[in-house]
Structure formats: C-alpha cells, structure tokens
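Here is a friendly walk through one protein model, written for someone meeting it for the first time. Keep the sequence and the 3D view open as you read.

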Amino acid sequence: MKDTGLSGAKTMISVILPTYNEAPNIRRIVCAVTEIFRDEAIRGEVIVVDDNSPDGTARIAAELAGSCPVRVHVRTSGRGLARSIIEGFGLAQGEICVVMDADLSHPVEKIPDMIKPILEGTCDITVGSRYIDGGGNVDWPWFRRMISRGAALLARGVTALSDPTSGFMAVKKSLLQGVALDPLGWKIVLEVVVKTNARVLEIPIVFTDRELGESKLGLRAQVDYLRHLGRLYAYRYLRWVKGSDHSYKNKIR
Ligand SMILES: Nc1nc2c(ncn2[C@@H]2O[C@H](COP(=O)(O)OP(=O)(O)OP(=O)(O)O)[C@@H](O)[C@H]2O)c(=O)[nH]1
Ligand SMILES: [Mg+2]
C-alpha cells in the first residue's frame, strides 16, 4: 500500500457518479474507484445517481454492492445531470464529495490528488483541469475542443478557472450548506465554484474520450450552458454591485 498521506485519515470520501445509460462502463468505473480506495486506504463510498436508465445501469451497479462500497439511487422524474449530482450531495455521508463522469473519461487515479489538498486545508474545492501544465485531452475531436475552449472563454467574466466545463471536482461538503444550487444545465462545477466563492485549486488531468456508450451532450446541453452562464453572470454581478461580495471572481490557484 502506497503512503500518500491519506491513509489513516478518518475523513470519509463520497464519490458521486451521475449516470444515464452507462451499462458498458458502470462496472469498470465502480471497481476502479473501489480499487483506489483500497490502494490508498481511503474510507470511501460510491454513490451512483441514475436517471432510471433503460439499459439497466442501476441494476448492474446494485449487483456490485456485495463487493464494492456502492449505493445506488434511481431518480424517476425530471431527468438531469446537475439535478442528479445535487441529489448525490444530499445522499453523501462523506465530508468530501468527489464528482466525476461514469464513462471513464476522468482518471480515477487522480482521486487522491483531488482530495489531498482539501484534507490538508490548502483549499476547499479542487477542479480537474485539462488546460494547465500536465493536463490534456486524448482522442477528442477538434470540434469538441473548440466548443470546450469557446465555453471557457465565455465563462471568463465569472470565473478564473482554466477549465470551467470540467466535470471532475472534489468539494468539502460543509461548503454547500445553505447554498442554493441551480439544477439548470450540466456544469455543476461552475455552479459550485461561482456560488460558493471558495478557495479553489486546479489539478491537471488528462481527459480521455469515452470508448463505450453514447454521448448525451447535444445541442440542448449547449443552449442550457448559455442560459446557465447568463444566470451566473446575473448572480455574480448583482452581488458585486450591491456590495455583498467584494471580489466578483474567486481566486484560483
Ligand atoms: N443522472 C444523469 N446522468 C447523466 C445524464 N446525462 C449524462 N449523465 C452522466 O453524466 C456524465 C457525463 O455525460 P457524458 O454523456 O459523458 O457527457 P460528455 O462527457 O460531455 O460527453 P461524451 O463523453 O462525449 O459522452 C456521464 O457519467 C453520464 O452518464 C442525465 O440526464 N442524468
Ligand atoms: Mg463523457
């Protein structure tokens, strides 16, 4: 067992996996996260929040409960990625919540790097970034890269995050208490970072395009992103103008 400084820590970690039709990936991701818990002596749980996927994702995840520390929550109304993650926060027993995609695009081996700075008190949130030294994208088509860069540029006015559309984050759960999170759209990382105005540290990650299953990112998601950004700009600047928030962009390290 590696000594990462995490072993012996009493802090519990909840890894939230939102899923919709991830039958080809769910077993691999839950087992991979469980292995990281074991190798790094992390006291952790996995919470699968499934939007009643017709492909049986929830059933497969539930079958793993005998061998992995996994709980499955099936939602039956109001399908939505951000909604699912917000419900996952509510179900989490851990003091730190890690949010990641279930399609193996986010590197599970980075979980220790994501939680360590929070355990050490260096920051309250970590965000996996493809756009800092050591980060990157593998097998991503040029148009996806372009959309990602464009989306980051549009968010510049509300956050200094280099990769605001990243879906990989770790957050101290106590930070979310009393914060009204908007379930619109897909970008819960951006929502949490802007609304909590917390100390954020970016961790380099290499994002790998999904090998199995289908993307759920369509035109609707892009339109929702713009609507979401509009709401975040209004939120940030109204507070700033009213003087209730002096720094309209939180510091990113
Ligand atoms: N609960 C829930 N999860 C969802 C929903 N849509 C997507 N997801 C999950 O959210 C994560 C990210 O969705 P993806 O389809 O991978 O989106 P993406 O990474 O932008 O696009 P691709 O990797 O190209 O598929 C995956 O784990 C999905 O299964 C949804 O409506 N509800
Ligand atoms: Mg994906």
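A residue is near a molecule if one of its heavy atoms lies within 4 Å of it. With that in hand, and remembering that this is a predicted model, we can start with the ligand.

**Around the ligand**

Ligand 1 is surrounded by 19 residues, and the closest are E22, D51, R79, D103 and R210. Some of the polar distances are worth looking up in the viewer. The side chain of R79 has an N or O atom 2.8 Å from an oxygen atom of ligand 1. A102 reaches the ligand through its backbone: an N or O atom there lies 2.8 Å from a ligand oxygen. For D101, a polar side-chain atom lies 3.5 Å from an oxygen atom of ligand 1.

**A threonine in helix α2**

Now move to T57, which is found in helix α2. Is T57 buried or exposed? T57 is buried, with a relative accessible area of 0%. Setting aside its neighbours within four places in sequence, T57 is in contact with T19, N21, E22, A23, I26 and D50. The T57 side chain also makes a polar contact of 2.6 Å with the side chain of D55. In addition, a polar atom of the T57 side chain lies 3.2 Å from the backbone nitrogen of A23.

**Rings meeting rings**

How many aromatic pairs does the structure hold? There are three aromatic pairs. One of them joins W140 and F207, edge-to-face, at 5.2 Å centre to centre with 70 degrees between the planes. That pair links distant parts of the chain, 67 residues apart: W140 sits in the loop between β6 (136-138) and α5 (142-154), while F207 belongs to strand β9 (residues 206-208). W140 is buried, with a relative accessible area of 9%, and F207 is buried too, at 9%.

Then there is W142 with F143. Why does this pair count as edge-to-face? The ring planes stand at 85 degrees, with the centres 6.0 Å apart, and planes over 60 degrees apart count as edge-to-face. W142 is exposed, at 62% relative accessibility, whereas F143 is partly exposed, at 41%.

**Charges over rings**

Two side chains sit over ring faces. R149 lies over the face of Y131, at 3.9 Å from the ring centre. K195 does likewise over the face of Y235, at 5.1 Å from the ring centre.

**A buried helix**

K195 also turns up in helix α6, where the buried residues are I188, V189, L190, E191, V192, V193, V194, K195 and T196. Why is α6 described as largely enclosed by the rest of the structure? Nine of the nine residues of this helix (residues 188-196) are buried, so α6 is largely enclosed. After α6 comes N197, whose phi is positive, near 50 degrees.

**Positive phi in two loops**

N52 and L104 also have a positive phi, and neither is a glycine. Here they are side by side:

| Residue | Phi | Loop | Relative accessibility |
|---|---|---|---|
| N52 | about 50 degrees | between β2 (43-50) and α2 (57-63) | 45%, partly exposed |
| L104 | near 70 degrees | between β4 (96-99) and α4 (111-119) | 24%, partly exposed |

**Cysteines without bonds**

A disulfide is a covalent bond between the sulfur atoms of two cysteines. How many disulfides does a search of the whole structure find? The search finds zero. Take C68: why is its sulfur not bonded to the one in C31? C31 holds the closest cysteine sulfur, but that sulfur is 4.3 Å away, too far for a bond, because a disulfide needs the two sulfur atoms within 2.5 Å. For C123, the closest cysteine sulfur is in C97, at 14 Å, which is again too far for a bond. C68 is buried, at 8% relative accessibility, and C123 is buried as well, with a relative accessible area of 1%.

Note on methods. Residues numbered from 1 in each chain as written. Chains lettered and ligands numbered in written order. Predicted model: local features only at pLDDT ≥ 70, side-chain atom pairs only at ≥ 80, totals over all residues. Heavy atoms only, no water. Phe/Tyr/Trp six-rings, centres within 6.5 Å; stacked < 30°, edge-to-face > 60°. Helix = DSSP H or I, 4+ residues; strand = E, 2+ residues; numbered from the N terminus. Buried < 20%, exposed > 50% of the residue type's maximum accessible area, 1.4 Å probe, protein only. Lys NZ or Arg CZ within 6 Å of the ring centre and 35° of its normal. Polar contact = N/O pair within 3.5 Å; in protein donor to acceptor, adjacent residues only side chain to side chain. Contact = heavy atoms within 4.5 Å.
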